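Me: I would like to go through this model with you and ask what stands behind each label. Could you set the values against the definitions as we go?

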Amino acid sequence: MPFDVSAGGRPAAVPGRADSGPAAGRPRTLADGADAGPAAGAAPARRRLPVEYVLPLRWSGDAGLAELTGYLRELGRLVDVTVVDGSAPEVFARHAAAWRGVVRHLTPDPAVRGGNGKVVGVLTGVAAARHEHVVIADDDVRYDEAGLRAAHRLLGGVDLVRPQNHFDPVPWHAWWDTGRTLLNRALGADWPGTLAVRRSTFIAMGGYDPDVLFENLELVRTVRAYGGTEATPPGLYVRRLPPDGAHFRGQRVRQAYDDLAQPARLATSLTVLPAVLAALAARRPGLLLGAAAAVVALAEVGRRRAGGARVFPRTAALAAPLWLLERGACSWLAVAHRVLGGVPYAGARITRAANSPGALRARRNAQSTPEA
């Protein structure tokens, strides 16, 4: 079914605002529901881009607040920024105080409901966006000016842009997860924590399903189902901060659950553990070493693709067999979660990883078929 992201579904926090925002040449203020611009005495502003940066978040604490605030302040000198904040009231209030005059700070639209809070935030933010070009990013993504300008330029010719994330810094668990990134790059494109989309396309297709786990796949599939075009430039690198070790460990099965939306990947992952056990039982370690070497070689192809050697560590390809073994084990746990009713997420359970392309095309056809 369609999701209400039309002008009528916009949050009450931005009353009386036209899509174009305040009149040209007038400074944006919080009264406009907009970025107030650089503070007095700041360095001369660079040429601003007609881009909305939408950041959905829900924090339980503020350990990274100072760093994120600094990033948002720099970001606001180049683009308009909307933070859709689903944090608890006391945390929201601290954010509001820190970001006053820096970004537009909204609560999620109560009219938009769904099990995936990030998607609810995106639906709210894109509906309220003041520009046709919208960059959607997780709170650990760190664009530079070149990355924003590249995404903006690419959106001039396509409906959706999927950049390439890389971790910086690279602690052990980020190195481990980079193995996944390199394999995905070698075989196609990785799934980053950021996408850029045309607002008109997003509105025309009615947004995307807020009750799925793998939200980026869902958005990409929905754009495709509605006839939109996608760019996956392998050399558009956007920095991402690594999670802490505890968060990384807590995400392993949840990320494996995403593969339930990609049957071929899931089937491949499920064969890894049985194949390893069979080789060990047959006392043929040479098979395992050969397979590991092949995986490392494939990952190295991904590391070197499109100049990736300058952002991915030299040893990152060595992590690929380790990550693949982990994914093989976690995939079985993910299947067990599916049998038990879904994977835990934000205090509830989500059943669907993402809708199939066929289901999304059927939704599009149902919307376009006139009633008798």
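Me: What makes D177, W323, E326 and C330 contacts of R252?
Reply: Contact means heavy atoms within 4.5 Å. Leaving aside neighbours within four places in sequence, R252 is in contact with D177, W323, E326 and C330. This is a predicted model, where local features need pLDDT of at least 70, side-chain atom pairs count only at pLDDT 80 or more, and totals for chains, interfaces and linings use all residues. Residues are numbered from 1 along each chain as its sequence is written, and side-chain values use heavy atoms, with hydrogens and water left out.

Me: Why is R252 called buried?
Reply: Buried means under 20% relative accessible area, exposed over 50%, and partly exposed in between (1.4 Å probe, protein chains only). R252 has a relative accessible area of 8%, so R252 is buried.

Me: Which side chains make polar contacts with the side chain of R252?
Reply: A polar contact is a pair of N or O atoms within 3.5 Å; within protein, one must be able to donate a hydrogen and the other to accept it, and residues adjacent in sequence count only if both atoms are side-chain atoms. The side chain of D177 is at 3.3 Å and that of Q255 at 3.4 Å, so both pairs fit the limit of 3.5 Å.

Me: How do you know that helix 3 is largely enclosed by the rest of the structure?
Reply: Helices (H or I, at least four residues) and strands (E, at least two) are DSSP runs, numbered from the N terminus. Helix 3 covers residues 117-127, and 10 of its 11 residues are buried, so it is largely enclosed. Among the buried ones are V119, L123 and A127. The cover includes strand 1 (51-57), strand 4 (133-137) and helix 7 (215-225). At the start of helix 3, a side-chain oxygen of N116 comes within 3.0 Å of the backbone nitrogen of K118.

Me: What makes the lining of the second largest pocket nonpolar?
Reply: Ala, Val, Leu, Ile, Met, Phe, Trp, Tyr, Cys and Pro count as nonpolar, Asp, Glu, Lys and Arg as charged, and the others, Gly among them, as polar. The lining has 11 nonpolar residues, no polar and no charged; V272, L288 and P321 are among them. Helix 10 (263-281), helix 11 (285-304) and helix 12 (320-339) each give two or more residues to this lining.

Me: How many of the residues in the protein chain are buried?
Reply: Buried residues make up 50% of the 372 residues.

How values were computed:
On a 1 Å grid over the protein atoms alone, a cavity is a set of points where a 1.4 Å probe fits but cannot get out, and a pocket is an open set with protein on both sides within 12 Å along at least five of seven lines; lining residues have an atom within 4 Å of a point.
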